[in-house]
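Colleague: Before I set anything up with this protein, could you take me through the model in careful steps?

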Amino acid sequence: MPRNFEKSDLSWSELKDYEYKKYNQLKKGDLKVEVSETAYRCPFCRGKKETDYLYKELLQHASDVGRSRSRGAREKAQHLALEKYVSKYLVVKDRSQLEPGTSSECLKITDHQPDQLLVYPWVGIVANIKTQRGEDGRYVGESGSKLRDEFRSKGFNPLKVHPLWSRRGHSGFAVVEFNKDWAGFKNAIMFEKSFEVDHHGKKDFYAVKNLGDKLYGWIARDDDYNSKSLIGDHLRKNGDLKTVSGKEAEDQRKTSTLVTNLTRTLEVKDMRYKEMEMKYLETSTYLDLTMEQMDEMNKSRNEEIRKMQQSAHDHFQKIYLEHEKATSQLEAQKMQLEEHEKQLQYREAKNETERKKLHSEKIMNERATLEQKKADEKVWRLAQVHKEEKEKLRRKIIELQKGLDAKQALELEIEQKRGTIQVMKHMREENVEVQEKMDAIIKEIKEKEEEMDAVEALNQSLIVRERKSNDELQEARKELINSLKEGRTRATIGVKRMGEIDNRPFLAAAKAKFPAEEADEKGLELCSLWEEYLRDPNWHPFKILVDKEGNCKEIIDVEDQKLKSLKNEYGEQVHNAVALAQSEMNQYNPSGRYTIPELWNFKENRKAALKEGAIHLLNQWRVNRKRKRN
C-alpha cells in the first residue's frame, strides 16, 4: 500500500474513490477555492485559522499535506485532489503570479507605447562619461564595474556596464545591460526615468550645448539601434528590436505551450503512478508474508538451539561431578599415605614388612597419579579439539547467515523482476524493444529461482552441521566443568554453584547479634533457613520492568516483605547475598530450584568461556608436572 494512505480504516481503492469525488466537487464549483483574482483559500482547512494563499503557496500547501506522514488518510486524499485541480485549472488563470513583473505593470510607471521598438535584451545607454587623455594620447575613463556598482546602489540592478571604445580610446559612452525578464525591463525604465527627472535624458543630451560633468542616460530604442555610430554597431551586434506587446505575446505563447505540455505529462505520470501503486501493494503484501515466515523459522531454530544447549549443559555437569569425586578420593588417599609415611619416618620403623607395604602403596599412588595425569591430558586434548570445533561452528554460522542474506536478496530481486515484467506488459504493444527486454528478464528470473533453490539446499546442510557442532561443544563444556574442582575460589577460573548463598555475611551478622559461642551455629542455621526459602517455588520476589525499547526484564522486588524484614533485622550485606542467590537461581534453574555448577571467571566475576577453562586446565597440568619433577 502507498505510504500516503498507511494506517487507515479504509482500503486503498476506497480512498482513491474518495479523492476522485473531492476532485469532481472542485471541478463543478461545489467547493470554492478563489477568494479574489489573486488570492485563494483551502476549502478543506475551514474551522482552523483560515489563510489566504497565492497560487504557488496554495499548490505547495496541497502538496505538503497530501504527502505528509502525520495527517489522516482522508485529509491527505482531499489535499491530493486539491493539488490536481489547482495544477490543471488554475495555472492559466493565475499566470500573473508565475512572473515577478509583467509588461502591464511596467507600462503603468512610464509613458512608453506597447508598439514602440526597443532593443532586446533590455539595454540602457550612458553618455557624457568623464574622460581624460593619457600619456599615450588615448582617452581613458571610469571602468564599467564602477558604474555598475553605482547603478546597483540606486536599485537599477544592471548585469554589466560596457564602456565603448574607439581607436582614440574611451568614447565617453557606455552600454548598460539589464535582465531579459520583465523585472529587467522595469529596472531599465526606472533607469531612464531617474535621468529624465534630473533633466539628463536623451532629449536633454542632444538639446543642451554645455553638458557639464553629470551623466546622461536613456533606454536604447530603434533610432539608437539603426544609428551609424559606436552605439549602433554594438547594439546591432548584441541585440535585436522588439515591441513590448510583441514580447508579451511571445511570453504568453511560451507559457501556454509549457502549460499544455505539463498538463499532458501530468496525466501520463498520474496513470503510471496508479499502476506502480497497485504493483507496490502486491509486492509489499508478498514481502510481509515472507518476513513472517522467516521470523517463524528463526524462532523455531532458536528454540532447538536452546534445548541442545541445556542438554549439553546437563551432560557436562554429570561428567564433572564424577571427575570431581574421583579426584577427591585420590587426594584423600594421597594425604593418608603421606601422613602414614611421616609417622613411619618419625618412629624410625625398621620393620621390613611395613616398609614393603609402604613402598607398594606409594607405587599404587604414583600409578593413580599417572592415571589422573592421563585423564587431565585427555580433557585438555578434548578442550583443544572442541576449541577448533567452536571456531568451525562460528565459520559455519557466518556461512549460514550469508546464505540466508543471499536467499533474501534473491527473493527480493525476483520480486523486483516480476514487478518490472508486469509494468512492461502494459508497454510491450507500443515498443518491440520493451518486449525483448521483458523476455530477457523472464529468463533471468528463472536463473535466479534455480540459484535460490541451490542456496536453500546449502542452508539446510549448514543448519544440520551447526546443530552437530553445537552438541559437541556443549559436551566439551560439561567435561571441562567436571575436570575442575568446585569451590577453589582462589584460582582465576573455577566452578561456581549458581543459586548457592554465601554464608560469610550470615556469620558476620550473627557475631554482631549473638554471643561469640553461639554466633557460628546461629549464622549457619539462618543461612540454611534461607536456602530452604530459595528452594520454595511459591516464593518469587521479582517484578518486571519494561525499558524504552519495549524489552521486559525481571529484577528483585525490593518491596518484598521477606527481603525487607531480612534487611531490617540482619543488614544490607545479608540481604544482598540472598538477592544475588535468588537472581542466579531464577536465571539458571527456575523450575528445579537447586544449585547448578557453572564455569566461572572469579577474577572478573562473570561466566567463563570454554577457551578460558581449557587454558586454565592446561596451565594447572603444567604446574603439577613441574612440582612432581622437583
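**Helix faces, cores and two charged residues**

Modeller: Please keep in mind throughout that this is a predicted model. A good place to begin is helix α14, whose face turned away from its buried side carries the exposed residues Glu517 and Glu521.

Colleague: Which residues of α14 are buried, and on how wide an arc around the axis do they lie?

Modeller: The buried residues of α14 are Ala519, Gly523, Leu526, Cys527, Trp530 and Leu534. In general, an α-helix has 3.6 residues a turn, so residues three or four places apart point the same way. The buried residues of α14 are on the same side of the helix, because they cover an arc of only 100 degrees.

Colleague: How far apart are the end C-alpha atoms of α14, given the span that its 19 residues should have?

Modeller: Helix α14 runs over residues 516-534, and at 1.5 Å a residue it should span 27 Å. The model agrees with that expectation, since the distance between its end C-alpha atoms is 28 Å.

Colleague: What covers the buried residues of α14, and which of them belongs to the second, separate core?

Modeller: The cover includes α13 (504-513), α15 (561-570) and α16 (572-588). The largest nonpolar core has 21 residues, among them Trp122 and Phe185. The second core is separate from it and has 17 residues, including Trp539, Phe542, Val578 and, from the buried residues of α14, Leu526.

Colleague: In the largest nonpolar core, which helix supplies the largest share of residues?

Modeller: Within this core of 21 residues, those with the most contacts are Trp122, Val126, Phe151, Phe185 and Phe191. At least two residues each come from β3 (117-120), α5, β8 and α6. The largest share is 6 residues, and the helix that supplies it is α6.

Colleague: Which residues of α5 are buried, and against which elements do they pack?

Modeller: Helix α5 covers residues 144-153, and its buried residues are Gly144, Leu147 and Phe151. They lie on the same side of α5, because the arc they cover is only 65 degrees. Phe151 in particular touches Val126, Val161, Val176 and Phe191, among others further away in sequence than four places. Taken together, the buried residues of α5 pack against β4 (123-127), β7 (160-166), β8 (169-177) and α6 (182-197).

Colleague: Is Glu83 buried or exposed, and which side chain does its own side chain join in a polar contact?

Modeller: Glu83 lies in helix α3 (residues 73-89). Its relative accessible area is 17%, so Glu83 counts as buried. Leaving out residues up to four places away in sequence, Glu83 touches Leu59, Ala62, Ser63 and Arg67. The polar contact, at 2.8 Å, joins the side chain of Glu83 to that of Arg67.

Colleague: Where does Lys32 lie, and is Lys32 buried or exposed?

Modeller: Lys32 sits in the loop between α1 (12-28) and β1 (40-41). Beyond four places in sequence, Lys32 touches Arg41, Pro43 and Arg46, and a polar atom of its side chain lies 3.5 Å from the backbone oxygen of Gly29. With a relative accessible area of 56%, Lys32 is therefore exposed.

Colleague: For the protein chain as a whole, what percentage of the residues count as buried?

Modeller: The chain has 17 helices and 15 strands, and its accessible surface comes to about 39,800 Å², with 50% belonging to carbon and sulfur atoms. Of its 630 residues, the percentage that count as buried is 37%.

Note on methods. Residues numbered from 1 in each chain as written. Predicted model: local features only at pLDDT ≥ 70, side-chain atom pairs only at ≥ 80, totals over all residues. Heavy atoms only, no water. Helix = DSSP H or I, 4+ residues; strand = E, 2+ residues; numbered from the N terminus. Buried < 20%, exposed > 50% of the residue type's maximum accessible area, 1.4 Å probe, protein only. Areas by Shrake-Rupley, 256 points an atom, 1.4 Å probe, with all protein chains shown as cover. Contact = heavy atoms within 4.5 Å. Polar contact = N/O pair within 3.5 Å; in protein donor to acceptor, adjacent residues only side chain to side chain. Arc of directions from axis to C-beta. Expected span 1.5 Å × (residues − 1). Core = buried A, V, L, I, M, F, W, Y, C linked by side-chain atoms within 4.5 Å.
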